[in-house]
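Trainee: Before we begin, may I ask that we work through this model together, one question at a time?

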Amino acid sequence: MKQNRKYYSLIDKVYKWSNLLDAWKAVKVNRGNGGIDGITIEKFEIQPDMYLREIQRLLKENRYEPDPVLRTYIEKDNGKLRPLGIPTIRDRVTQQAVRQVIEPIFEKHFYNHSYGFRKGRSAHQAIDIIRRAKRAGYNYVLDLDIQSFFDEIPHEELMKKVNEKISDGRVLNLLSSWLTAGIMEDDQFHESKIGSPQGGVISPLLANIYLNHYDWEMQKKGFSIVRYADDAVVLCKSRLKANQAYKVSKHVIEEELHLRMHPEKTKVVHFDEGFRFLGLDFWSDFLILPNDKVKKLKEKVRRITRRQQGRNVKQMIYKVNEVVRGFGNYYRVGNVKKKFTRLDQWIRMRIRAFIRKKRSTVSNSLIPNKVLKLCGLVSLESLLITSS
């Protein structure tokens with residue numbers, strides 16, 4: 001790890017006009033819903049200079065106060081609900097402005113095989129490292145699961161780690177104020193004494209700052225770790241070594257970081273037993289697309305291709321293509337050719353039924369594949385070809 005250096009005067013870089021403008025552009029690209037003040041991206045972009053000048057003024061005068069986040073929920077793969085905290089657009093822009101200034105300071109100290117929410121790094125790179133490790137004889141894995149990670153990050157311990165590099169009190173106060181801004185749910189205010197809300201622009205960086213300690217402690221003790229946000233695997237050449245990794249991880253996670261290692265989901269496995277990481281099932285020398293991911297894709301396509309709806313064929317195919325590209329570009333790194341072929345057939349069947357306004361049937365082939373291609377339909381198989 002690189003030598004420590006502290007940064008004392010950063011707030012002026014945060015409220016610099018060009019930095020605020022870049023922050024707004026980043027937030028605008030990412031879109032998303034507005035927060036508790038009812039101001040949406042669309043409303044903000046009508047008069048962005050006015051809103052940005054107000055943010056700048058409050059930051060300069062040291063009078064900026066964040067709003068509580070709006071609590072909402074999304075469904076997880078297991079059917080349970082994951083809480084998200086949606087900041088206001090104003091807070092999102094300010095968080096992005098802070099992130100742009102402090103992220104480069106921490107980035108050069110991050111562990112090399114940490115891949116989540118870092119510029120120039122991706123889930124595919126993490127997956128590739130694991131496959132290469134398997135070929136090199138790392139046949140055992142500690143599949144690590146941190147229980148309710150984002151909800152349980154201790155504020156005081158997190159701020160200590162931020163303070164190791166940042167000494168600008170006004171930036172530290174901003175970060176702390178976002179952690180303690182509270183939550184609005186069903187018009188009720190709830191204090192946030194612990195955790196960093198998922199949905200905040202700054203939360204992924206804070207997560208990496210906090211878990212960087214775990215990465216380096218494992219590396220110091222001779223373990224090979226690959227981490228993506230709060231998902232991690234430790235790669236080992238023997239079960240004995242993997243069991244040792246379990247004990248060390250439990251100590252670092254629970255005693256030093258004051259988090260909880262999930263007792264059932266955290267386990268030592270051989271590649272032949274299989275494990276899931278970043279949405280793919282690793283099993284022996286194969287990388288398998290899980291059936292529940294296929295099911296979710298089909299649910300999305302079904303919604304888009306419902307026969308009774310306002311979209312025309314062109315609009316429908318455009319929406320289907322968005323889903324297909326996102327799914328295909330992510331999962332094409334796996335052993336997926338047969339599944340992609342079957343999914344293409346099923347998607348074409350749904351689209352033919354939409355065009356003919358008739359119920360889907362496998363034999364519905366009155367509209368040839370080349371016609372659907374001329375309509376602009378993207379196939380999953382074509383994404384496999386472009387990646388090879």
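The questions below go from the overall form of the chain to its cavity and its aromatic contacts.

Trainee: How many helices and strands does the protein chain have?
Mentor: The model is predicted, and the elements are counted within it. The protein chain has 16 helices and eleven strands.

Trainee: What radius of gyration does the protein chain have, beside that of a compact globule?
Mentor: For 388 residues, a compact globule would have a radius near 21 Å. The C-alpha trace spans about 70 × 60 × 40 Å along its principal axes. The value for the chain agrees with the globule rule, and it is 24 Å.

Trainee: What percentage of the residues of the protein chain count as buried?
Mentor: A residue is buried when its relative accessible area is under 20%. Applied to the 388 residues of the protein chain, this gives a buried share of 48%.

Trainee: Which helix gives the most to the lining of the largest cavity?
Mentor: The count comes to one cavity of 30 Å³ or more, and about 90 Å³ of space lies in the largest cavity. Helices H5 (89-107), H9 (169-179) and H10 (203-220) each give two or more residues to its lining. The helix that gives the most, with three residues, is H9.

Trainee: Which residues of the lining lie nearest the centre of the largest cavity, and how does the lining divide by character?
Mentor: The lining comprises 14 residues, and those nearest the centre are Gln-95, Trp-178, Leu-179, Pro-197 and Ile-202. By character, the lining residues divide into eight nonpolar, four polar and two charged.

Trainee: What is the geometry of the aromatic pair formed by Tyr-111 and Trp-216?
Mentor: The structure holds eleven aromatic pairs. In the pair of Tyr-111 and Trp-216, the ring centres are 5.5 Å apart and the planes meet at 85°. Planes over 60 degrees apart count as edge-to-face, so the geometry of this pair is edge-to-face.

Trainee: How many residues apart in sequence are the parts that this pair ties together?
Mentor: Tyr-111 lies in the loop between H5 and helix H6 (123-135), whereas Trp-216 belongs to helix H10. Tyr-111 is buried at 7% relative accessibility, and Trp-216 is buried at 14%. The pair therefore ties together parts whose separation in sequence is 105 residues.

Trainee: Are Phe-149 and Phe-150 buried or exposed?
Mentor: The rings of Phe-149 and Phe-150 have centres 5.0 Å apart and planes at 75°, so this pair is edge-to-face. Phe-149 has a relative accessible area of 2%, and Phe-150 has one of 9%. Since values under 20% count as buried, Phe-149 and Phe-150 are buried.

Trainee: Which residues form one aromatic cluster?
Mentor: Four residues take part, two of them Phe and two Tyr. The members of the cluster are Phe-327, Tyr-330, Tyr-331 and Phe-340.

Trainee: Over which ring does the charged end of Arg-90 sit?
Mentor: For Lys-241, the charged end sits over the ring of Phe-223, 4.7 Å from the ring centre. For Arg-90, the distance to the ring centre is 4.3 Å, and the ring belongs to Tyr-64.

Trainee: Is Lys-25 buried, partly exposed or exposed?
Mentor: Lys-25 is placed in helix H2 (residues 17-30). From Ser-167 it is 142 residues away in sequence and 28 Å away in space, C-alpha to C-alpha. With a relative accessible area of 47%, Lys-25 is partly exposed.

Note on methods
Residues are numbered from 1 along each chain as its sequence is written. This is a predicted model: local features need pLDDT of at least 70, side-chain atom pairs count only at pLDDT 80 or more; totals for chains, interfaces and linings use all residues. Side-chain values use heavy atoms; hydrogens and water are left out. On a 1 Å grid over the protein atoms alone, a cavity is a set of points where a 1.4 Å probe fits but cannot get out, and a pocket is an open set with protein on both sides within 12 Å along at least five of seven lines; lining residues have an atom within 4 Å of a point. Grid points are joined across faces, edges and corners, and a volume is the space filled by probe spheres set on the points. Helices (H or I, at least four residues) and strands (E, at least two) are DSSP runs, numbered from the N terminus. Ala, Val, Leu, Ile, Met, Phe, Trp, Tyr, Cys and Pro count as nonpolar, Asp, Glu, Lys and Arg as charged, and the others, Gly among them, as polar. Rings of Phe, Tyr and Trp (its six-membered ring) pair if their centres lie within 6.5 Å; planes under 30 degrees apart count as stacked, over 60 as edge-to-face and the rest as tilted. Buried means under 20% relative accessible area, exposed over 50%, partly exposed in between (1.4 Å probe, protein chains only). A charge sits over a ring if NZ of Lys or CZ of Arg is within 6 Å of the ring centre and within 35 degrees of the ring normal. The radius of gyration is taken over C-alpha atoms; the globule rule is 2.2 Å times the number of residues to the power 0.38.
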